[in-house]
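The following exercises ask the reader to work through a protein model step by step. Each task is followed by a worked solution.

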Amino acid sequence: MITTTASLATRTVFRIGYGALQLERLHDRRGEAVALLRRAVELGVDHVDTAEFYGFGFANDVIREALRPEDDVLVVTKVGADPDPGGPMPLRLAQRPEQLRASVEDNLRSLGVERLAVVNLRRLDTGPGLRPEGDQVVDLDDQLAVMTALRDEGKIGAIGLSSVTVGVLRRALPAGIACVQNAYSLVSRDDEDILKLCVAEGIAWVPFFPLGGAFPGLPKATDEPAVHAVAESLGVTPSQVGLAWLLHHAPNVLLIPGTADPAHLEANIAVGAITLDAAHLATLDGIESRSNDVPIG
């Protein structure tokens, strides 16, 4: 049986949280979005991942309305990109120190709090997606300087990193890093060295795109025959097997699967009760890892 809790910043949390990106799909059904988040709390979720650019502030607005102080939910947000409603993509990079500070202020305002419990600095050094160019190429030390200043000012509780290499993480360790969010899944395990460093340093590992397949052409865990075979033997779905593998793979893994559907939410939470035995793990570990480091744009 796997451990059901792990450390995040100064807290011990249930290892399955909720990623708020998919709340945007309920933009015209705000009541359903609020009810979904309330249901997540009822099911034991005590950490939520969000960003100001999720739905141009909609996710943060829903979190502000749905969560109550007595819920004691740890809200993790991120900076490094801002909403860009009129642009070719829904977000623009915002890597410069003054932009990071402004993004923190935006999140404080939209979430209606005086302090953000954890803020991830999304560096975009690795993984699928955009890469910084021009004045958006910013030295890590300059970024950490403003992040630690914000922490000293009491506006940030803890600092995390996202989309970083092992070298960047090592450079950042003296600043005190609570968590790392990188694209990582059963079928894309390029970052095993970073994961091991996080285990050694007591840093939470929070994979995004936990089933792979974020962009066309990238591998998907649910396409693997071995995943389907294990799912059938256990009477669960292939998606649940992909998520359960992550929980079994390392003790510091926290999941933040997102959904706009209550039934899917319950299926995600149920992953915490799935036990993969040695034979299951051997079968899944034998799946070939392929790179997901495919920039777009």
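**Exercise 1. A strand and its surroundings**

All five of the five residues of strand β10 (residues 177-181) are buried, so β10 is largely enclosed by the rest of the structure. The model is a predicted one.

Task: Determine which strands pair with β10 and which helices link them.

Solution.
1. Begin with strand β9 (residues 156-162), which runs parallel to β10 and is joined to it by four bridges. Within this pairing, Leu-161 stands opposite Val-180 in β10.
2. Turn next to β11, which pairs with β10 in the parallel sense over two bridges. Here Val-180 stands opposite Trp-205 in β11.
3. Then trace the connections. Helix α5 (residues 166-172) forms a right-handed β-α-β unit with β9 and β10. Helix α6 (residues 192-201) forms a right-handed β-α-β unit with β10 and β11.

**Exercise 2. The whole sheet**

Task: State the order of the strands in the open sheet and identify the edge strands.

Solution.
1. The sheet has seven strands with parallel pairing, in the order β3-β4-β5-β8-β9-β10-β11.
2. The edge strands each pair on one side only; they are β3 (18-19) and β11 (204-205).
3. One pairing inside this order joins β5 (residues 74-79) to β8 (residues 116-122), which run parallel and share four bridges. Val-76 stands opposite Val-118 in β8.

**Exercise 3. A helix and its cover**

Task: Find which residues of helix α2 (residues 58-66) are buried, and what covers them.

Solution.
1. A residue is counted as buried when its relative accessible area is under 20%. In α2, the residues that meet this criterion are Phe-58, Ala-59, Asn-60, Val-62, Ile-63 and Ala-66.
2. The cover over these buried residues includes α1 (30-42), β4 (47-49), β5 and α3 (97-111).

**Exercise 4. The nonpolar cores**

Task: Identify which residues touch the most other members of the largest nonpolar core.

Solution.
1. The largest nonpolar core has 81 residues, and the members in question are Tyr-18, Leu-23, Leu-169 and Leu-284.
2. Consider Tyr-18 further. Leaving aside neighbours within four places in sequence, its contacts include Leu-23, Leu-36, Leu-37, Val-45 and His-47, as well as Ile-256, Pro-257 and Leu-265.
3. A second, separate core of 13 residues includes Ala-6, Leu-8, Val-76 and Ile-256.

**Exercise 5. Pocket and cavities**

Task: Describe the largest pocket and the largest cavity, and state what lines them.

Solution.
1. The largest pocket holds about 1,200 Å³ of space. Its lining has 45 residues, of which Leu-21, Gln-22, Tyr-54, Phe-208 and Phe-209 lie nearest the centre.
2. The elements giving two or more residues to that lining are β7 (91-93), α8 (238-249) and α9 (262-270).
3. The structure also holds two cavities of 30 Å³ or more, and the largest cavity has a volume of about 50 Å³.
4. Residues lining the largest cavity include Leu-8, Val-76, Asn-120, Cys-179, Gln-181 and Val-206. At least two lining residues come from each of β4 and β10, and β4 gives the most, with three residues.

**Exercise 6. A residue in a loop**

Task: Is Thr-237 buried, partly exposed or exposed?

Solution.
1. Thr-237 is located in the loop between α7 (225-234) and α8.
2. Its relative accessibility is 37%, so Thr-237 counts as partly exposed.
3. Thr-237 and Thr-222 are 15 residues apart in sequence, and their C-alpha atoms are 8.9 Å apart in space.

Key:
Residues are numbered from 1 along each chain as its sequence is written. This is a predicted model: local features need pLDDT of at least 70, side-chain atom pairs count only at pLDDT 80 or more; totals for chains, interfaces and linings use all residues. Side-chain values use heavy atoms; hydrogens and water are left out. A nonpolar core is a set of buried Ala, Val, Leu, Ile, Met, Phe, Trp, Tyr and Cys residues joined through side-chain atoms within 4.5 Å. Buried means under 20% relative accessible area, exposed over 50%, partly exposed in between (1.4 Å probe, protein chains only). Contact means heavy atoms within 4.5 Å. Two strands pair if DSSP finds at least two bridges between them. A crossover is right-handed if, with the strands pointing away from the viewer, the path from the first strand over the helix to the second runs clockwise. On a 1 Å grid over the protein atoms alone, a cavity is a set of points where a 1.4 Å probe fits but cannot get out, and a pocket is an open set with protein on both sides within 12 Å along at least five of seven lines; lining residues have an atom within 4 Å of a point. Grid points are joined across faces, edges and corners, and a volume is the space filled by probe spheres set on the points.
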